Amino acid sequence: MRITDTADLWWKNAVVYCLDVETYMDWNGDGIGDLAGLAQRIEHLADLGVTCLWLMPFYPTTERDDGYDITDFYGVDPRLGTHGDLVEVIRTAKDRGMRVIADLVVNHTSDQHPWFKAARRSKDSPYRDWYVWRSDTPPDTSAQVVFPDKEDSIWEIDDKTGEWYLHKFYKTQPDLNVANPLVRDEIAKVIGFWLQLGLDGFRVDAVPFLLETEGIDPAEAERFPDPHEYLRALRSLVDRRSGDGVLLGEVNLPHDQQAQFFGGTDGDELTMQFDFIAMQAMYLSLARSDVAPLVDALMARPATSPDNQWGMFVRNHDELTLDKLSDDERAEVFAAFGPDPDMQVYDRGLTRRLPPMLAGDPRRVRMVYSLMFSLPGTPVLFYGEEIGMGENLAAEGRLAVRTPMQWTAGTNGGFSSAAPGKLPGPVVEGGFAPEFVNVADQRRDPDSLLSFMRLLVRRYRECPELGWGTYEVLGQPHPEVLASLSTWDDGTLVALHNLGPEPRTVPLVLADCGATHRLEDLLTVGSTPLAEDGSVELALEGYGYRWLRVVAEDSRRLL
């Protein structure tokens with residue numbers, strides 16, 4: 001196995017860390033996180049082992065959708081800093097071995113964006129066709145809204161011209177008309193601008209909505225006959241301009257439809273996609289203590305190019321969506337992890353972080369992260385996961401998990417010296433408050449979750465077969481246990497995870513192995529010999545987890 005190969009398609013075994021600058025670290029004491037504060041915390045990310053930093057929107061905004069309502073695609077929100085501050089973050093991160101990507105949110109703009117303000121002044125405005133309009137009264141579209149608690153239609157009347165404009169999200173976020181070649185050219189310029197400034201790619205927001213032509217006049221849509229051709233052009237642009245840039249797409253669709261956004265087996269559209277299907281199945285498996293739903297989801301993945309990759313995650317910045325589960329399955333997960341109505345949102349998701357969902361049980365929390373890192377794909381962490389942060393259900397909807405980062409046990413969790421009322425949101429309270437969960441205390445504790453996550457990241461990076469290799473589910477008799485085999489060239493890793501509370505002894509048979517092989521534990525100290533026929537019995541505690549490297553007599557890999 002050549003480790004040098006992994007430096008080429010770096011995203012296949014990266015460790016991605018997502019954060020919102022606004023809630024990460026306030027350096028000037030005004031209550032708002034800033035780029036200067038992020039730069040001062042790069043060492044924490046480097047110590048954790050992060051290799052790719054994902055920045056949520058840092059652009060100028062009206063703050064009606066937590067930064068996703070953008071008023072200038074080329075700017076930096078002055079509350080957070082300047083272009084110079086951003087360059088310092090990028091430069092410092094790269095010095096510590098981290099690439100930096102950022103949210104690309106070009107499905108819509110803010111209604112305060114200069115383009116839309118010009119478009120709504122007159123039907124003759126040169127920017128009118130940059131958005132999608134209709135003159136006739138729209139039908140009932142309440143079933144199509146993304147946020148049913150806030151909107152009841154995807155069309156909004158504009159009093160100035162008496163026409164309706166399209167908005168798949170909030171009414172304050174009018175959709176851009178991607179059928180207009182001028183809009184497509186402008187999106188390409190935005191991408192080129194930030195790549196030139198030093199970014200290594202983008203997390204592309206709401207990709208299916210970006211490419212959708214529903215609502216656009218049919219004659220207009222004829223100018224955009226193949227949306228995926230445009231996505232291929234954007235991928236080609238990123239490849240040319242950066243050499244090794246990445247497009248990580250948000251595509252919450254069934255697996256067969258996600259394959260189209262990869263570009264099929266050619267793999268020439270999105271570089272990576274989040275596996276929402278496997279994530280939702282994982283929570284169903286956790287609720288049932290049965291690995292079958294997760295295994296079924298993983299085995300149902302479509303074939304992709306070797307150059308593509310799935311992104312695996314336990315939590316992200318939105319609601320923990322369960323929309324691809326059946327009503328009965330979703331009810332199971334709600335009952336197990338979010339039974340109260342204030343823990344649920346849109347009848348489809350949860351507003352909770354993992355540790356509170358698991359009642360703070362450190363065995364289960366660590367098992368879930370070990371499981372996520374061992375699944376085929378690239379692990380993506382949301383800020384605070386490394387220390388086991390909880391949520392604040394007093395914050396509305398998705399903001400419950402976007403609370404200030406908890407650095408110390410001090411005021412505001414060490415996030416800011418400002419008065420609490422000036423913060424972007426409330427700090428977590430109760431058992432997951434900063435006095436109990438913070439970076440400073442866990443840095444000094446070898447038994448902390450942070451120390452475990454450091455180890456997990458290090459071992460993941462030392463096992464490229466997890467990101468590059470084939471994945472096989474091994475047969476064994478326990479429905480609550482997932483036994484898997486990841487292989488790439490001469491590297492082989494066995495991973496065991498017990499989703500149930502009772503200890504289990506797991507019998508396995510490893511093909512092409514015998515008494516000249518042994519299993520070396522990677523998350524603890526231990527070695528287990530194999531029988532002549534490759535059989536072995538492995539002990540697994542309740543909610544236990546083990547990573548075991550298959551080692552031959554002549555192996556040259558370091559342990």
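Start by selecting Trp54 and Phe274: in this predicted model, Trp54 is buried, and Phe274 is buried too. Show their rings and you'll find an aromatic pair of the tilted kind, with 5.7 Å from centre to centre and 35° between the planes. Trp54 belongs to strand S2 (residues 52-55) and Phe274 to strand S9 (residues 272-274), so this pair ties together parts that are 220 residues apart in sequence.

Now hop over to Phe147 and Phe169. These two make another tilted aromatic pair, 5.9 Å centre to centre with 50° between the planes. Phe147 sits in the loop between S4 and S5, while Phe169 sits in the loop between S6 and helix H6 (181-196), so here the parts tied together are 22 residues apart in sequence. Both Phe147 and Phe169 are buried. If you like rings, there's plenty to browse: the structure holds 31 aromatic pairs.

While you're around S4, S5 and S6, switch to a cartoon view. Three strands form an open sheet here, in the order S4-S6-S5, with antiparallel pairing. Strand S4 (133-134) and strand S5 (155-158) stand at the edges with a single partner strand each, so one side of each has no neighbour in the sheet. Look at S5 next to strand S6 (residues 163-166): four bridges join these antiparallel strands. To see one of the bridges, select Asp158, whose bridge partner in S6 is Glu163. Then pick Arg134 and Trp155: Arg134 lies over the face of Trp155, at 4.9 Å from the ring centre.

Next stop, strand S14 (residues 378-382). How many of its five residues are buried? Five of the five are, leaving S14 mostly covered. Turn on the side chains and you'll see Thr378, Val380 and Phe382 pointing one way, with Pro379 and Leu381 pointing the other. Which strands pair with S14 in the parallel sense? Strand S1 (residues 16-19) does, over three bridges, and strand S10 (residues 309-313) does as well, over three bridges. For landmarks, Val16 stands opposite Val380, and Met312 stands opposite Pro379.

Keep Phe382 selected and add Tyr17, Tyr24, Tyr383 and Trp407. Together these residues form one aromatic cluster. Tyr17 is worth a second look, since it leads to the next stop.

The largest nonpolar core has 151 residues, and Tyr17, Leu19, Leu38, Leu55, Tyr283, Phe373 and Trp547 are the ones that touch the most other members. Colour helix H17 (residues 449-462) too: with eight residues, H17 gives the largest share of this core. Then zoom in on Leu55. Setting aside residues up to four places away in sequence, its contacts include Leu19, Val21, Leu38, Leu86 and Val100. Apart from the largest core lies another one, of 17 residues, with Leu474, Leu530, Leu548 and Val550 among them.

For a change from the nonpolar residues, go to Asp111, in the loop between strand S3 (99-104) and helix H5 (114-119). Is Asp111 buried or exposed? It counts as buried, because its relative accessibility is 8%. Add Arg64 and you'll spot a polar contact of 3.3 Å between the two side chains. Beyond its neighbours within four places in sequence, Asp111 is also in contact with Phe116, Lys117, Arg120, Thr172 and Pro174.

Finish with Lys12 and Trp468: Lys12 lies over the face of the Trp468 ring, 5.6 Å from its centre.

Technical notes:
Residues numbered from 1 in each chain as written. Predicted model: local features only at pLDDT ≥ 70, side-chain atom pairs only at ≥ 80, totals over all residues. Heavy atoms only, no water. Helix = DSSP H or I, 4+ residues; strand = E, 2+ residues; numbered from the N terminus. Buried < 20%, exposed > 50% of the residue type's maximum accessible area, 1.4 Å probe, protein only. Polar contact = N/O pair within 3.5 Å; in protein donor to acceptor, adjacent residues only side chain to side chain. Contact = heavy atoms within 4.5 Å. Pairing = 2+ DSSP bridges. Phe/Tyr/Trp six-rings, centres within 6.5 Å; stacked < 30°, edge-to-face > 60°. Lys NZ or Arg CZ within 6 Å of the ring centre and 35° of its normal. Core = buried A, V, L, I, M, F, W, Y, C linked by side-chain atoms within 4.5 Å.
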